[in-house]
Amino acid sequence: MKHQNIAILGSTGSIGTQALDIISDKPELFTVSLLTANSNYRLLAEQANRFQPDMIVLCDESVSKQFQSLLTYKPSQLHFGQEALIHAAIESTYDLLLNSLVGFAGFMSTYHAIRLNKKVALANKESLVVGGELLSKLPGFLNGNLIPVDSEHSAMLQSLIGEEKESIKKIIITASGGPFRTCTKEELEKVTVEDALNHPNWSMGNKITIDSATMMNKGLEIIEAKWLFDLPAEAIEPVIHPQSIIHSIVEFVDGSSKAQLGPPDMKVPILYSLTYPSREPYPNQTLDYTSSFRMDFEPVNRDLFPCLDLAVSALKEGGAKPAILNAANEIAVERFLNGEIRYIDIHQIIEKSLEEISADNELSPDSLQYIDKETRVFSNSLLK
């Protein structure tokens, strides 16, 4: 495998820091050309001083002086503000862009990189959720330059190597069920933020951990899978798999199935996205097949997880509905984490937003930005 320059959007988050661990262990394969962060300037400075990228972006301009005082070298380009993320995706010199931004903020960077036929490792779910219809028509997407980082979609990709699309009967997308799969609806009314952040298997950022608790993450992943693999919603089936060992299963028309297995460790799909289509040796944890372990499966209790059906409905309606779903969910999760609303209010805010906000605009990056802003204002006004 040839040496690659890696650009990382969101380098101080969970995916970004793990990617940098891998990169530091493989200096013969990778160098870092770009690092960006939202507001964690101390960690960004540590990373920058260690990897010395040519370009750095810090979105929070209010801490620019503090950040610059911590740098021990002079990067070729140093930018501040949210808009600089788009500039970085377009202008930075890289072989692969790892987009691990959280939320709609990551869409525009993905859009412009894929428009320019650049290679993108995508850990930003919202790019495909909000703009899959637009991205799927761009040169980079059509040329296979969009590589999923999510463990589920990486598993699908790995299972589909060498297979024809016509051979796919359906994809089974596995879910741990989060911390609440055995709860009653009455118990969910008393859920605290601490309860929802206590994921049984994965260590992730707060937003995605809450999405896992509500199972909105599976809804978003179904939308992603639809665009990545050109499948209808009916051909993507979520199931509960509490052990998180099988990350997805592809069932074929001849009755056979392929699955990708491994312990719940994001470094495996991150590494695969960096080296795709090759594989590189790395000391990731593996399963011990000589020891007994369980792999259980059960249907999703959709009464407990109404966010899942909201996502599927938005996908089927199409247009800007997934953008409304995404923005409303981001606001609802943020308000729950801030203690403004109850856990059970999250799906109500999303449902009301989908009902009330018009999705008739013709899809474009500008119209998606407008709808995103409109939805955020509306979602913030509910249940005050």
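Helices here are DSSP runs of H or I that span at least four residues, strands are E runs of at least two, and both are numbered from the N terminus. With that in hand, welcome to a set of close-ups of a predicted model.

**View 1. The chain is split into three parts: domain 1, domain 2 and domain 3.** Domain 1 covers residues 4-148, and domain 3 covers 319-383. Domain 2 is made of two stretches, 153-265 and 289-314. Between the centres of domain 1 and domain 2, taken over C-alpha atoms, the separation is 27 Å. Each of these two domains brings 14 residues to their contact.

**View 2. Domain 1 and domain 2 bury about 1200 Å² between them.** The size of an interface is often given as the accessible area lost when the parts come together. Carbon and sulfur atoms account for 72% of the area buried between domain 1 and domain 2. If you look for the main contributors on the domain 1 side, find Lys125, Val129 and Pro148: together they supply 49% of what domain 1 buries against domain 2, more than any other three residues.

**View 3. Polar and charged pairs link domain 1 with domain 2.** There are 3 salt bridges between the two domains, and 2 residue pairs are in polar contact across the interface. On the domain 1 side, the elements that give two or more residues are α1 (14-25), α6 (125-135) and β7 (146-148). Helix α6 gives the most, with 6 residues. Sorted by class, this side of domain 1 has 7 nonpolar, 4 polar and 3 charged residues.

**View 4. Lys125 and Glu224 form a salt bridge.** Side chains of opposite charge can pair when their charged atoms come close. Here the closest N and O atoms of Lys125 and Glu224 are 3.8 Å apart. Because Glu224 lies in helix α12 (residues 216-229) and Lys125 in helix α6, the pair ties together parts that are 99 residues apart in sequence. For context, a search of the whole structure finds 22 salt bridges.

**View 5. Two UniProt features can be placed on the model.** The unreviewed UniProt entry lists residues 6-132 as "domain: 1-deoxy-D-xylulose 5-phosphate reductoisomerase N-terminal". That span is 43% helix and 21% strand, and its end C-alpha atoms lie 24 Å apart. The unreviewed entry also places "domain: DXP reductoisomerase C-terminal" at residues 261-376. Over residues 261-376 the chain is 53% helix and 1% strand, with 38 Å between the end C-alpha atoms.

**View 6. Tyr276 and Pro277 are joined by a cis peptide bond.** Most residues other than glycine have a negative phi, and most peptide bonds are trans. The bond between Tyr276 and Pro277 has an omega of about 5 degrees. To find the spot, follow the loop between α13 (267-275) and α14 (306-317), where Pro277 sits.

**View 7. Asp230 has a positive phi.** The phi of Asp230, a residue other than glycine, is near 55 degrees. Where is Asp230 placed? Asp230 is in the loop between α12 and β9 (236-240).

Key:
Residues numbered from 1 in each chain as written. Predicted model: local features only at pLDDT ≥ 70, side-chain atom pairs only at ≥ 80, totals over all residues. Heavy atoms only, no water. Domains from an automatic or database assignment. Contact = heavy atoms within 4.5 Å. Buried area = accessible area lost by both parts, 1.4 Å probe. Salt bridge = Lys/Arg side-chain N within 4 Å of Asp/Glu carboxyl O. Polar contact = N/O pair within 3.5 Å; in protein donor to acceptor, adjacent residues only side chain to side chain. Nonpolar A, V, L, I, M, F, W, Y, C, P; charged D, E, K, R; others polar. UniProt positions renumbered as here; feature names shortened; annotations may be inferred.
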